[in-house]
Each structure stands twice: as structure tokens, then as C-alpha cells.
Amino acid sequence: MRRNDSGFTLIELVVVISIIAILAAVALPRFVSLQGEARTASLAGIRGSFSSGVSLAHAKWLAGGTGVAGTVALEGATVEVNATGWPTVDGANAAQDTAAELYATLMQQSVPSGWTSSEAAAAGAGTATYTLAGTGGGAFTYNAATGAVN
């Protein structure tokens, strides 16, 4: 009489489960580190975009040739610049006296969620700091006196 065997043996199941466990042990740390890498990439992207916005405002001021503090129009937004043409965080300008307002003016959107901003407003200058907390995060600071984004 012929016996009808179907299904898997216990050895086969143990081998498959062992292979899955080994793959999970190797792959899991890679996926966990992806969150930190994504935050690092986000920081670099936002810093680069912000730096481009600052440079664009400065270039437009230079092209205007006025050589004095004033405003520059960028895509419908009005950016307040100092006498050297850099966008300011100026307590005297209610529309651009915080780091969040400067970001919104240059980037035409609010500071992304998960980010915080702080400022040290100063007449014709000031500094703005944008921070992404957590693993892989960091911060960058804009200095309106020099136009530097670090």
C-alpha cells in the first residue's frame, strides 16, 4: 500500500525559520539606520534649499544695483534685505522678525513639521537657527550680516 505524504517535515520548517531569522537579524539594523540617514538627508536638503533662497535674494538685490537696504521681490514675496543685500531677521520689520517668518518668506512655505526655529533679531542683520531634533538630525544657522548658512 502506498502512503500519501504531504506537507513539510519538521527539519524543513526549522531550516526555513532559521534562514528567515538570520535574514531578519542582518536586515533589521539596516532598516533602523535608514531613519537616521533620512533625517540627515532632510537636513542637507533643507539647508541647501534655504541657502539657495538666500543667494537668490542676494543676487536679485545685486542685479537691482541700488546698493542700499530695502526690499527684493521674489515670486510674489517681499524679502527685506540689509545694506549688503542679505535677507534680514530684523525686529523692526514685523513681517520678517522671526526665523520662521524669514523661512516662510524665502521658501514660500512654513518651517517643516519636526523642525524648530529660533532667532536673534538685530537691526539690519540677525541670525536664524533651524533645528531638526533626533537621530540623524542637526541644525544650521543663517547669519544675515554675512549671508552665511552653516
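Where is the place of Pro112? In this predicted model, Pro112 sits in the loop between helix 2 and strand 3, and I would like to start from that residue and work outwards to the sheet and the helices around it.

Leaving aside residues up to four places away in sequence, Pro112 touches Ile46 and Tyr103. Ile46 lies 66 residues from Pro112 along the chain, yet the C-alpha atoms of the two are separated by 9.1 Å. Ile46 is also one of the buried residues of helix 1, a list that includes Leu43, Phe50, Val54, His58 and Trp61 as well as the glycines Gly36 and Gly53.

Before going further, a word on confidence. The mean pLDDT of the protein chain is 91, with 97% of its residues at 70 or more. Confidence is lowest in helix 1, residues 10–64, where the mean is 91, and highest in strand 6, residues 148–149, where it is 97.

Let me turn to the sheet, which is open, has 4 strands in the order 3-4-5-6, and is paired in antiparallel fashion. Strand 3 and strand 6 are its edge strands, each pairing on one side only. Helix 1 packs on this sheet and touches strand 3, strand 4, strand 5 and strand 6, with a direction that makes about 10° with that of strand 5. Helix 2, residues 99–107, packs on the sheet too, touching strand 3, strand 4 and strand 5, but its direction makes about 85° with that of strand 4.

Within the sheet, strand 3, residues 115–120, and strand 4, residues 127–132, run antiparallel and are joined by 6 bridges. As one example from this pair, Glu119 has Ala128 of strand 4 as its bridge partner. The hairpin that these two strands form has 6 residues between the strands, and there Gly124 takes a positive phi near 70°.

That brings me back to helix 1, and to the question of how its length compares with what one should expect at 1.5 Å a residue. The 55 residues should span 81 Å, and because the end C-alpha atoms are 79 Å apart, the two values agree. The helix does carry a kink of about 30° at Ala27, shortly before the proline Pro29. Just after helix 1 ends, Gly65 takes a positive phi of about 65°.

To close where I began, Pro112, in the loop between helix 2 and strand 3, has Ile46 and Tyr103 among the residues to look at beside it in the structure.

How values were computed. Residues are numbered from 1 along each chain as its sequence is written. This is a predicted model: local features need pLDDT of at least 70, side-chain atom pairs count only at pLDDT 80 or more; totals for chains, interfaces and linings use all residues. Side-chain values use heavy atoms; hydrogens and water are left out. Two strands pair if DSSP finds at least two bridges between them. pLDDT is the predictor's confidence in each residue, from 0 to 100. Contact means heavy atoms within 4.5 Å. Axes are lines fitted to C-alpha atoms, for helices over the stretch in contact, and angles run from 0 to 180 degrees between N-to-C directions. The expected span of a helix is 1.5 Å times one less than its number of residues. The bend at a residue is the angle between axes fitted to the seven residues ending there and the seven starting there. Buried means under 20% relative accessible area, exposed over 50%, partly exposed in between (1.4 Å probe, protein chains only).
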